[in-house]
Amino acid sequence: MVFVYHVDMSQTYTTLTRGLNQKESNRNNRFKSKKRGLDLADLAGWDVKTTQTLENYISSFQSIPSTRALVASMIEFSQMYRDINKSPFSTNFWTDFEGINEYRRGQRARIQLCKKDLLESADGVNGKTLVLTSRAHKIFYQEYPLAQLRKQKWNGEWTLVTYDLPENLRVKRNYLHTKLVRLGFGCLQKSFLVSPLPLEEAVQELVEGQELTAHVVVLTAKRVLGLTNEEMAAAAWNLKELGGLYLKLLEVLPKVKKAKDKKLLEQWRTYFLAINFKDPYLPFELLPKGWPGERCKKEFQKLGLPGLLRAIFGR
């Protein structure tokens, strides 16, 4: 005997699609909640454009491996780590984490950093402590080359690169642009890049290696006519947007503290780190007077190291 079942496929499809859409919607809501910022955005009264810009920064920050984020934080916020008497990776310290997953992520990061020769034990005043190796510092300054000039006085000279490559060399043109940015150049115009670092030799090696000598001009100059050094830096690295975001965090921070809401404070920390990791770390001579990034950094440091580590490992 054969049983024949008549199924309304359109109804089945509609039901299935509705279920999948609801599941996707729930996933997106959880994703947005994890990405944070919606509550903080409401408290601050940010417009849609500001919120979207910050969410893009958050997305970029979420993609950074925890080990890399930890190395950068240990250099950029070294004072926060020095304030800890015990090793910041001691068992007691990690109990500040709210969940076992954050603790495990932190421990995995510590093990990975040691295996990669980025972290090592050293004798400190209070016994053994963990410090970054010279290799870790080298990697950080490769990622943030301009930060080197915060350890020494800038000599006032710019390295300028301009190029004109035909469309049939588009792949090499894009590669050249990407490599120049990684070396520490900012884009004053689409094919006109500037850097306060002495990079003539590095650029020459790059250009010769790509056989682009006939298409690229490299110069050094004290200034570009019509622009002050500060104006040139602001244009090349979009400091207007970056500074504006720092200011918005400073403006909302009193409200966050007044609310005494731990979740809002965690959101504020995460937003700060997302913006700070996009900061090119220009020498102070090239930053606008009263640069809000430094003020925001001081406020962030006051909130303590446990919150910093939760922001890194709780993502």
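Here are a few exercises on this predicted model, each with a worked solution.

**Exercise 1. The enclosed space**

Find how many cavities of 30 Å³ or more the structure holds, and work out what lines the largest cavity and which helix gives the most to that lining.

Solution.
- Start with the count: searching the whole structure turns up 1 cavity of 30 Å³ or more. Its volume comes out at about 30 Å³.
- Next, pick out the wall. The lining is made up of Glu-76, Arg-150, Tyr-246, Asn-276, Asp-279, Trp-291, Gly-293, Glu-294 and Lys-297.
- Now sort those residues by class: you get 5 charged, 2 polar and 2 nonpolar. Tyr-246 and Trp-291 fall in the nonpolar class, while Asn-276 and Gly-293 go down as polar.
- Finally, look at the helices. H14, spanning residues 292-302, gives the most to the lining, with 3 residues.

**Exercise 2. Two positive phi angles**

Asp-117 and Lys-260 each have a positive phi without being a glycine. Place each residue in the fold, then decide whether it is buried, partly exposed or exposed.

Solution.
- Take Asp-117: its phi is about 60 degrees. You'll find Asp-117 in the loop that runs between helix H7 (100-115) and strand E1 (119-124).
- The relative accessible area of Asp-117 is 42%, so this residue counts as partly exposed.
- Then move to Lys-260, where phi is about 50 degrees. Lys-260 is in the loop between helix H12 (239-259) and helix H13 (262-276).
- With a relative accessible area of 76%, Lys-260 is over the 50% cut-off and therefore exposed.

**Exercise 3. A threonine in a helix**

Locate Thr-50, decide whether it is buried or exposed, and list what it touches beyond four places in sequence.

Solution.
- Thr-50 belongs to helix H3, residues 48-62.
- Its relative accessible area is 10%; the cut-off for buried is under 20%, so Thr-50 is buried.
- Setting aside residues up to four places away in sequence, Thr-50 touches Leu-245 and Lys-248.

**Exercise 4. The largest nonpolar core**

Say how many residues the largest nonpolar core has, which of them have the most contacts inside it, and what Leu-273 is in contact with.

Solution.
- The core counts 86 residues, and Trp-268 and Leu-273 have the most contacts inside it.
- Helix H12 supplies the largest share of this core, 9 residues.
- Now follow Leu-273 outward, skipping neighbours within four places in sequence: its contacts are Phe-61, Phe-77, Phe-300, Leu-308, Ala-311 and Ile-312.

Conventions: Residues are numbered from 1 along each chain as its sequence is written. This is a predicted model: local features need pLDDT of at least 70, side-chain atom pairs count only at pLDDT 80 or more; totals for chains, interfaces and linings use all residues. Side-chain values use heavy atoms; hydrogens and water are left out. On a 1 Å grid over the protein atoms alone, a cavity is a set of points where a 1.4 Å probe fits but cannot get out, and a pocket is an open set with protein on both sides within 12 Å along at least five of seven lines; lining residues have an atom within 4 Å of a point. Grid points are joined across faces, edges and corners, and a volume is the space filled by probe spheres set on the points. Helices (H or I, at least four residues) and strands (E, at least two) are DSSP runs, numbered from the N terminus. Buried means under 20% relative accessible area, exposed over 50%, partly exposed in between (1.4 Å probe, protein chains only). Contact means heavy atoms within 4.5 Å. A nonpolar core is a set of buried Ala, Val, Leu, Ile, Met, Phe, Trp, Tyr and Cys residues joined through side-chain atoms within 4.5 Å.
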